[in-house]
Amino acid sequence: MMAPPWLQLMDDTIRACAAHGTPDLLRRLRERRAQLIDPKLRILVIGETGQGKSQLVNALVNAPVCATGDDLTTTVPAVVEYAEAPTAAVVLNSAARDDRMIESGPSNQLVPAAVDSVTADANREAAQPGTEIARAHIGLPRALLATGLVLIDTPPAGDAVRTATALSEILQADAVLMATDATSEFSPSELELLGQVARVCPTVMVALTKIDIVPGWRVVAERNRARLARAGVSATVVPVSAALRLAAAKTGDRDLNAESGFEELMHRLKHEWLDQADVLHTRSVAALAGMTVDQLVPPLHEEFATTQRGDAPEVVARWQAAGRKLEQLQQDSARWQTLLGDEIADLIADLEYDLRDRTRQILREVDEYFDAADPSRDWDTFEDWLQDNLATVAETNFNWLLERFDWIAHKLARQVAPGDQDLLHELLVADAPPDHASGMRKPRVERFTVGQKLFVGMRGSYTGLLMFGLATTVAGMPLINPISLGAGAAFGAKSVFEERGNRLKRRQATAKTAAQRHVDDFFLAYGKESKDAARLLQRALRDRFTAYAQQQRQEITASAKAIKQVIDAEAARRKQRAQEIRTAVNELAAIRQRVKAMAAAKVAPSSPRGLIA
């Protein structure tokens with residue numbers, strides 16, 4: 001058997017609520033579905049205090065089952081339905097514990113009570129703090145109830161709390177019967193209540209009570225109908241008198257019963273509601289589904305708007321910051337490499353100048369030394385002095401290299417890693433260049449021997465002897481005479497002295513040349529080693545900084561990649577969720593279209609009977 005359209009709409013609404021609604025709303029929808037499948041027709045009787053609501057229920061079932069009186073106020077709902085024999089029970093919430101419990105359910109317990117006092121007792125106990133009474137339950141053998149009609153007398157509406165309680169009960173009703181007495185027209189609160197009720201349960205009827213005590217009740221009825229029309233509430237107004245109804249029931253007076261208006265009310269209940277239960281269900285489900293859609297759509301729209309706002313600003317900012325940091329790292333890497341190259345170039349130039357200046361100073365001291373010293377006697381002393389000075393130059397120059405490079409390294413470290421104190425946890429060192437100060441060869445020093453002195457003296461004396469001998473022969477003296485011999489001796493001694501001085505100068509020049517050659521060799525060899533050491537230190541420092549920069553680059557890249565994955569995953573999730581929301585909104589829009597179609601269902605009016613206003 002095919003399910004009726006309203007049941008299919010109800011099931012679709014429940015599925016949508018299960019996907020997007022709250023558990024409380026879902027529970028109410030499922031409870032309402034179970035009630036709709038039940039063939040009973042649940043009619044909720046509502047009204048403000050003193051409007052004859054409970055007396056109206058009593059008159060309908062022709063039994064004083066609902067407590068009435070100025071000192072009694074309905075505090076818990078009273079459910080009146082058909083039973084083969086009169087029964088009554090108090091329904092307790094699941095939290096209550098009572099030895100009188102005779103039946104257990106998933107959420108409540110039934111405690112038996114007397115039919116004529118169950119509502120009065122339930123109202124009094126419910127008014128006490130800490131009680132767990134949910135409602136009173138009454139079963140009566142009445143023909144009206146045997147048709148499947150269930151009457152639910154509710155606590156009076158009025159303040160915000162009571163109105164909210166009444167509206168929560170309306171969610172479970174197929175139709176609503178509102179009681180208002182004929183002593184006055186609708187109050188603003190009653191009109192507001194009717195408007196709220198009609199939005200939840202569109203099948204509404206108004207019972208204008210106490211017409212037996214108001215001679216002008218017909219005027220009040222017409223004015224109420226006009227006010228309902230102006231408010232846009234579709235509800236039939238039926239004037240009734242519970243007092244006349246109960247009196248007619250005791251005496252069996254049919255005319256009095258017709259005058260009470262209950263004949264007309266019961267006729268409408270049967271033909272407009274009981275006989276058209278499917279239409280009532282359709283209207284009720286349409287209203288409930290429409291209300292549910294109205295609750296589900298706004299949160300979905302808000303969530304959809306959230307999915308369109310883009311990534312979280314803080315995540316995007318972190319990703320952009322990582323990109324900027326990576327770009328800055330690249331720029332800093334190029335900058336410090338350029339700076340390192342410039343500093344090393346300046347360092348090498350300064351080292352070369354320092355080495356040249358120190359060696360030139362040594363050469364000046366060598367020249368001054370050998371201007372007076374004789375290499376043949378003082379060479380060993382000079383060689384030791386020269387080696388010590390060159391070793392001192394090498395040590396001083398190399399130490400300056402290390403100190404200057406350490407300064408360069410820390411200067412660059414402050415730029416490469418300002419916050420990393422362990423980047424240069426151990427100083428970069430280089431081996432000292434080999435000892436190029438030693439290994440100087442002694443120059444060949446010419447010695448002035450005795451034979452050479454005799455030869456030079458004889459050569460000089462011969463010249464003097466001959467020159468002065470020839471000069472004295474003019475005077476008639478012989479070639480060899482005392483004068484020529486003296487001149488020869490003088491010339492010979494002079495030649496020996498001059499030759500000895502010339503030989504000393506040649507020895508000094510040879511020593512200076514040898515020393516200069518050795519110093520130049522030292523300058524070239526040590527200068528090459530010093531430059532190599534500087535470049536070795538440069539490469540070591542560059543490699544250390546490059547490794548550090550590479551590590552930083554990898555960490556930043558990994559962090560940016562992880563953030564980008566989070567952004568992409570979040571974007572994919574938002575895109576998927578946006579699509580899900582579109583689908584859900586489209587489904588709810590389809591439900592809304594079906595709601596509009598079902599809400600157009602009208603209850604066919606029955607021909608009026610009995611008393612007519």
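**Exercise 1.** Determine how strand β1 is joined to strand β7, and which residue of β7 stands opposite V45.

*Solution.* Strands here are DSSP runs of E with at least two residues, numbered, like the helices (H or I, at least four residues), from the N terminus, and two strands pair if DSSP finds at least two bridges between them. In this predicted model, local features need pLDDT of at least 70, side-chain atom pairs count only at pLDDT 80 or more, and totals for chains, interfaces and linings use all residues. Residues are numbered from 1 along each chain as its sequence is written, and side-chain values use heavy atoms, without hydrogens and water. Strand β1 and strand β7 (residues 149-153) run parallel and are joined by 5 bridges, with V45 opposite D153. Turning to strand β8 (residues 175-181), 5 bridges join it to β1, again in a parallel arrangement, and there the bridge partner of V45 is L177.

**Exercise 2.** Decide whether the faces of β1 are buried or exposed.

*Solution.* Buried means under 20% relative accessible area, exposed over 50%, and partly exposed in between (1.4 Å probe, protein chains only). In a regular strand the side chains alternate between the two faces of the sheet. On one side L41, I43, V45 and G47 are buried, and on the other R42, L44 and I46 are buried too. Because 7 of the 7 residues of β1 (residues 41-47) are buried, the strand is largely enclosed by the rest of the structure.

**Exercise 3.** Check the length of helix α7 (residues 188-200) against its expected span.

*Solution.* The expected span is 1.5 Å times one less than the number of residues. For the 13 residues of α7 this gives 18 Å, which agrees with the 19 Å between its end C-alpha atoms. The buried residues of α7 include L191, L194 and V197.
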